[in-house]
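Visitor: I'm new to this structure and would like a close look at one part of it. Could you pick a spot where two helices meet and walk me through it, along with what lies around it?

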Amino acid sequence: MNNLSIIGSDKAANGLNKQPINVGISACLIGNKVRYNAGHTQSRLCLDLLSKCFTFTRFCPEAAADLGILRPTMRLTVDSTSPRLVFSSDESFDLTSELVKGLQKHSEIGHLDGYILMKNSPSCGLDRVKVYQAKGHPHPLRTAGVFARALKKHYPLMPIEEEGRLQDDTLFDNFLLRVYAYSNFKKEVLERPSLHHLMVFHSSYKYLLMAHNQDKARALGRLLGTYDGGSLETLIDDYFRAFIEAISKPASRKNHTNALFHILGYLKHNLSPIARDHIVIKIHNYNKGLTPLTTPLTLLKHYLMQHGTDYIKEQRYLEPYPEKINPMAQYL
């Protein structure tokens with residue numbers, strides 16, 4: 001197999017984005033036959049849906065480490081400091097450093113906006129990968145695979161998820177949201193750093209932050225509000241870390257409800273009592289779990305298009321990513 005089948009890019013299928021969203025992916029998920037048995041674990045979710053919005057960069061750390069395509073199975077074993085990677089049939093040879101070197105061959109990684117990994121893999125598994133004791137007995141410890149652990153260490157803010165977890169509607173939505181937010185921050189702030197651009201970015205994410213974590217949203221506002229003209233680089237770095245942390249977990253129904261009511265407040269002088277009461281009922285029904293989030297959100301967007309200010313129309317909470325790429329969104 002030539003190198004391009006292991007490390008390469010697949011352009012987004014239909015050009016939904018004017019600027020590409022670049023996402024790394026375990027090569028086996030995209031259909032490359034790089035597993036130990038020369039097989040793959042092709043993901044229809046990635047190929048049929050996510051390829052419409054992402055430009056994929058495929059990578060296989062085992063292949064990049066020259067371990068061969070047909071190779072013995074591997075597993076993690078207990079070590080005094082951290083699990084080490086070995087062949088299941090021969091634990092005498094430590095493969096850990098070879099897999100970490102694979103990260104160094106992944107030259108495009110710094111330009112990525114996210115990463116999708118193969119679950120349960122001793123190299124790529126993001127979490128809860130099995131670890132074994134002597135003689136093959138399972139250990140209670142569960143951990144990340146060697147490559148995944150190195151990836152998280154070098155790029156702690158990058159959105160990373162396992163393909164298997166993306167089958168969950170809420171986790172799928174949160175991953176898309178984080179990838180687009182990460183990409184937006186890089187393009188709008190990191191590529192042209194200024195206090196103005198940082199403030200504009202924060203303003204556009206105000207209600208999305210409110211829906212995810214109100215305490216952290218307020219803390220980010222204070223961080224910007226107390227800036228005294230010191231190091232702009234430090235401010236941007238501190239903001240980016242806190243922002244990613246704030247959106248790292250899916251928003252709760254309670255916080256979504258609070259954000260929806262705040263947005264409704266921008267329409268209080270433009271709606272008839274009947275229209276307003278109708279939206280209020282839909283928000284309460286969402287809060288009770290009777291209707292999906294898209295029901296009150298669609299109503300709000302309809303009226304905001306007619307009566308909303310530029311400020312509220314530009315809130316990314318209303319569309320954190322192109323909604324046409326997520327057929328699951330109606331169930332959130």
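Guide: Let's start with α5 (residues 169-190) and α6 (residues 195-204), which pack at an angle of about 155° with their axes 9 Å apart. Axes here are lines fitted to C-alpha atoms, for helices over the stretch in contact, and angles run from 0 to 180 degrees between N-to-C directions. Helices are DSSP runs (H or I, at least four residues) and strands are too (E, at least two), numbered from the N terminus. That angle makes α5 roughly antiparallel to α6, a label for angles over 145 degrees. The crossing of the pair is right-handed, meaning the near helix is turned clockwise from the far one by less than a right angle.

Before going on, note that this is a predicted model: local features need pLDDT of at least 70, side-chain atom pairs count only at pLDDT 80 or more, and totals for chains, interfaces and linings use all residues. Residues are numbered from 1 along each chain as its sequence is written, and side-chain values use heavy atoms, leaving out hydrogens and water.

Who does the touching? On the α5 side you'll find Ala-181, Asn-184, Phe-185, Glu-188 and Val-189, and on the α6 side His-197, Leu-198 and Phe-201. Contact means heavy atoms within 4.5 Å. Sorted by class, that's five nonpolar, two polar and one charged residues. Ala, Val, Leu, Ile, Met, Phe, Trp, Tyr, Cys and Pro count as nonpolar, Asp, Glu, Lys and Arg as charged, and the others, Gly among them, as polar.

Now for a neighbour from further along the chain. Leu-232 is found in α9 (residues 232-246), and touches Pro-193, Ser-194, Leu-195 and Tyr-227, not counting residues up to four places away in sequence. Leu-232 and Ser-194 are 38 residues apart along the chain, yet their C-alpha atoms are separated by 7.4 Å. Leu-232 is partly exposed, at 26% relative accessible area; buried means under 20%, exposed over 50%, and partly exposed in between (1.4 Å probe, protein chains only).

Back to α5, which gives ten residues to the largest nonpolar core, the most of any element. Such a core is a set of buried Ala, Val, Leu, Ile, Met, Phe, Trp, Tyr and Cys residues joined through side-chain atoms within 4.5 Å. This one has 86 residues, and Leu-50 is among those touching the most other members. Beyond its neighbours within four places in sequence, Leu-50 is in contact with residues including Phe-172 and Leu-176.

Note on methods
Angles under 35 degrees count as roughly parallel, over 145 as roughly antiparallel, 65 to 115 as roughly perpendicular and the rest as oblique.
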